[in-house]
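Welcome! Please take a look at the model shown here, and we will talk it through together.

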Amino acid sequence: MLISDKIRRIASEAENDLQNIFADIDRISLNHTEHVLDVFRKNEVSESYFAATTGYGYGDRGRDAIDKICAEVFRAQSGFMRHNFVSGTHALTVGLFGLLRPGDIMLSVTGSPYDTMLEVIGIDADGAPVKNINGGEGTLTDFGIEYRELPLTADGKIDIPAMCSAINAAEGRIKVVYMQRSKGYLARPTLFTAQIKEAADAAHRAAADAGINIPFVVTDNCYGEFTEEYEPCYSGDGRDGADMIIGSLIKNPGGGMADCGGYIAGTSRAVELAGYRLCCPGVGLEAGASLGQNRNILRGLFMAPHVVAQAMKTAHLAAYIFDSLGYKVSPSPTERRGDIIQTVECGSAEALVSFCRGIQSASPVDAHVSPEPWAMPGYSDEVVMAAGAFVGGASIELSCDGPIRPPYTAFLQGGLTYEAGKLGIMCAAEACINS
């Protein structure tokens, strides 16, 4: 690889300055690995769990064990982890449609959600309802569900007083309080587990004090799994967390091994309702053929804490290198993180595309391909994406993407190994310098 001495020197300085941060990441990874291993041992994971089933999938011991393991790994009352989910957005859609009914209100307390969720809700980028000339497409709005949102505070936190006031004013109609952990394509901080738990507890308490229906707190947990000591779901010893956390298996919890899928974990009732929407009322989670995916799901979940640690180190390194080169980065090189996403403001469409091409050139798959912006389904702007991954679109593997709109920010995430992540970051830096 053609990497200049300058970039290699900055990377070496970064590793020296980030030693303590890397050591803390390794500590968290060890703790999670011990917990996951304990859960696997407790549930007696064995070769028989890897057997493929077809048709209805009745009696699939591996599938049922994975559901139980999912709940225990995330320290939730209940959960399920299935290959059936196409994406994180699909899993979120199943969760929301499982909980919401006509006349209910969905309140987002983290501002506007990720771009792909806008079409699920049935609104445009400005929050206005989408009117489709061909008729309803099955959005939440089509089913008579009202959407409202509250912005984060100036310092990027959930506005808890405003949330509680909204819950009281709605007189029991707010059924879901929605929180997105990661920033998505917005210039805001990622939420930490403690912030989500505090807001969830306040939402439940506000409803209970007002004598109205207690809402379900739903958290889009994508990109955040295993980055902190605990996940933000309800733990069973008091209402101190989200009723439902949702994520994708081609992100953190799939560990780079799962071919597809997602998970939903949380309180027993919330998970039960989501299971009915995944399949159908009366069947729920009792059926569903695994089609040979159990092995990779379990292997990926076992690997996930280590792989996430590699991605976290890669993100810190990227922040350090690009900050040293004068780019605006978030989080900063030494800032504590609650997800694996690193942003770099490239300043122009050309520089953003060059950044992505640099990442792609250091990928193990399709390194010869040159990324180009395109009208990606579910996004309001053209998006350029580098994703030379073994699993198509897997953002736990080193990848980056960004919408072609000012300030032309690259959203970087992943890295199956720190060594490969380091090489990818150095190639991206070289590409930006030479663009």
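A short conversation about the chain and its pockets follows.

Visitor: What does the radius of gyration say about how compact the chain is?

Guide: Happy to start there: this is a predicted model, where local features need pLDDT of at least 70, side-chain atom pairs count only at pLDDT 80 or more, and totals for chains, interfaces and linings use all residues. Residues are numbered from 1 along each chain as its sequence is written, and side-chain values use heavy atoms, leaving out hydrogens and water. The globule rule (2.2 Å times the number of residues to the power 0.38) gives 22 Å for 435 residues. The radius of gyration, taken over C-alpha atoms, is close to that, so the chain is as compact as a globular protein of that length, at 21 Å.

Visitor: What share of the residues is buried?

Guide: Buried means under 20% relative accessible area, with a 1.4 Å probe and protein chains only. Of the 435 residues in the chain, the buried ones make up 57%.

Visitor: Among contacts between residues at least 6 apart in sequence, what percentage joins residues at least 24 apart?

Guide: A contact here means heavy atoms within 4.5 Å. Among contacts in the chain between residues at least 6 apart in sequence, the share joining residues at least 24 apart is 72%.

Visitor: Which strand gives the most to the lining of the second largest pocket?

Guide: Strands are DSSP runs (E, at least two residues), numbered from the N terminus. β8 (328–330), β9 (342–345) and β12 each supply at least two lining residues there. With three residues, the one that gives the most is β8.

Technical notes:
Helices (H or I, at least four residues) and strands (E, at least two) are DSSP runs, numbered from the N terminus. Buried means under 20% relative accessible area, exposed over 50%, partly exposed in between (1.4 Å probe, protein chains only).
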